[in-house]
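Student: I would like a close look at one part of this protein, the charged side chains that pair up. Please take me through them slowly.

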Amino acid sequence: MTVERKPFIPALPTLWPKMLLPQQNVRSFYPFNDPNVKYFYFARNAIWLVARMLKLDEGEVLAPAYHHGVEIEALIDAGANVNFYRVGRGWEVDLEDVKRRINGRTKALYLIHYAGFPGPAAEMKALAAEHGLPLIEDCALSLLSCDKEHPLGSTGDVGIFCLYKTLPLPNGGALTFGGSGIRDQGSGIKDRLLPSADPQPLIPNIPELQSPPFTSTFSHVASSLLQNLEMRGGGAGRGVRGAIRRLGRSAVETANIERVTTGSDHFNRDHVRLGMSGLTRRILLAQNLSRIVAVRRRNYLCLLERLRDISPPLFSALPPGVCPLFYPLIVKDKHGPMERLAARGIETIDFWRYFHPACDASQFPDVVWLRDSILEIPCHQDLTLDKMEYIAGEVRAALGE
């Protein structure tokens, strides 16, 4: 009897051994081409630091009700109060609701770009400038994306990026300031920052960051390499990965190795001074970013074409410049399809299921619907068109069941 070998399709991109050798030029892409970009272990560390620099503990931040939660934790830990504005079922920001909620205590506007799709950065920037407020652009899910030709994260006063969601890196977050520095517009923003020695452009002094534990970085690298082995090696790769993982867990427990996991959903102030590791920078330089954007767009369009008749797409087209993080599949019940797809070797993610406790869910029924309905389907750069066809077929079967 022939035993069926199902593939392994991870939810996030994996690390290929050749990526340990720098070979590409990533500096043609924002934020890497910003001469003042600052790197962190986590993007959430940058959020916390910016909140302290902008003295947001003196008032409140106006943020979207559709959020992960860890960014809200970082803001609150830094001392800010957070108020929330409406987001619709198409991830659209309700600008009128934002205007209504700005008050005398508002100290900053916070905009999230979802899964590579641009939010209204220009409109939010104009609104922030009108009220003398900084705009923080959260691009944790939108690295390499543009609104047409304008890079996400370069419109606001602050741009924050998570690198390891889009790229196969063991850690990494990035922080930019308005593309080339925060400029004073008579708003008093400049007075709330730590000035640099050279005031043009104005870049805050970032405290010196610590190198993360090498054992932690290495364990993430090893895990990603093993995922790549399983993805490429089928059943044999799966067996090798399983054996090595068991040995690795035993070694970690025996040696009491500190592992700062990037899979955590919560902010930890103990990690706020951690910088991005040197090994992460090395792997970053091996990435072919133009190819990554092109492959992600191709894979997304494949799913859009194959799935639109069984599940109404959140977006009917893929706008120019968007580098999609994943395909947002709309389902009535996420649990069943997730289990069925996992049984077929396809990792999916229950995207942003829960509200942060500071946000009253009853005020935002459209966000409740989003949290109940969006399942994250992979379309990352590791996946060939054959694998995308496999994913599309299995998604159709899972929804049909």
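Student: Is Arg353 buried, partly exposed or exposed?

Tutor: This is a predicted model, and in it Arg353 counts as partly exposed, because its relative accessibility is 26%. Buried would require a value under 20%, and exposed one over 50%. The side chain of Arg353 forms a salt bridge with that of Asp372, at 3.3 Å from N to O. These partners sit 19 residues apart: Asp372 belongs to helix α9, while Arg353 is in the loop between β11 (349-350) and α9. Asp372 is likewise partly exposed, because its relative accessible area is 35%.

As background, side chains of opposite charge can pair when their charged atoms come close. The structure holds 14 salt bridges. Helix α9 takes part in another of them, through Asp366, whose side chain meets that of Arg89 at 3.2 Å, N to O. Asp366 lies in helix α9 (residues 365-373) and Arg89 in the loop between β3 (81-85) and α3 (95-101), so this salt bridge ties together parts that are 277 residues apart in sequence. Arg89 has 41% relative accessibility and therefore counts as partly exposed. The pair also belongs to a network of salt bridges that links Arg86, Arg89, Asp94 and Asp366.

A further salt bridge joins the side chains of Asp309 and Arg396, with an N to O distance of 2.8 Å. Here too distant parts of the chain are linked: Asp309 is in the loop between α7 (289-307) and β10 (327-330), Arg396 is in helix α10 (residues 385-400), and 87 residues separate them. Asp309 is exposed, because its relative accessible area is 56%. Arg396, at 28%, is partly exposed.

For contrast, consider a residue away from these charged pairs. Thr176 lies in strand β9 (residues 173-176) and counts as buried, because its relative accessibility is 0%. The side chain of Thr176 makes a polar contact of 2.9 Å with the side chain of Tyr30. Beyond its neighbours within four places in sequence, Thr176 is in contact with several residues, including Pro31, Asp34, Gly153 and Phe161.

Tyr66 brings the account back to Arg353's part of the chain. Among the 121 residues of the largest nonpolar core, Tyr66 is one of those that touch the most other members. Leaving aside neighbours within four places in sequence, the contacts of Tyr66 include Trp91, Trp352, Val367, Leu370 and Arg371.

Technical notes: Residues are numbered from 1 along each chain as its sequence is written. This is a predicted model: local features need pLDDT of at least 70, side-chain atom pairs count only at pLDDT 80 or more; totals for chains, interfaces and linings use all residues. Side-chain values use heavy atoms; hydrogens and water are left out. A nonpolar core is a set of buried Ala, Val, Leu, Ile, Met, Phe, Trp, Tyr and Cys residues joined through side-chain atoms within 4.5 Å. Buried means under 20% relative accessible area, exposed over 50%, partly exposed in between (1.4 Å probe, protein chains only). Contact means heavy atoms within 4.5 Å. Helices (H or I, at least four residues) and strands (E, at least two) are DSSP runs, numbered from the N terminus. A polar contact is a pair of N or O atoms within 3.5 Å; within protein, one must be able to donate a hydrogen and the other to accept it, and residues adjacent in sequence count only if both atoms are side-chain atoms. A salt bridge is a side-chain nitrogen of Lys or Arg within 4 Å of a carboxyl oxygen of Asp or Glu.
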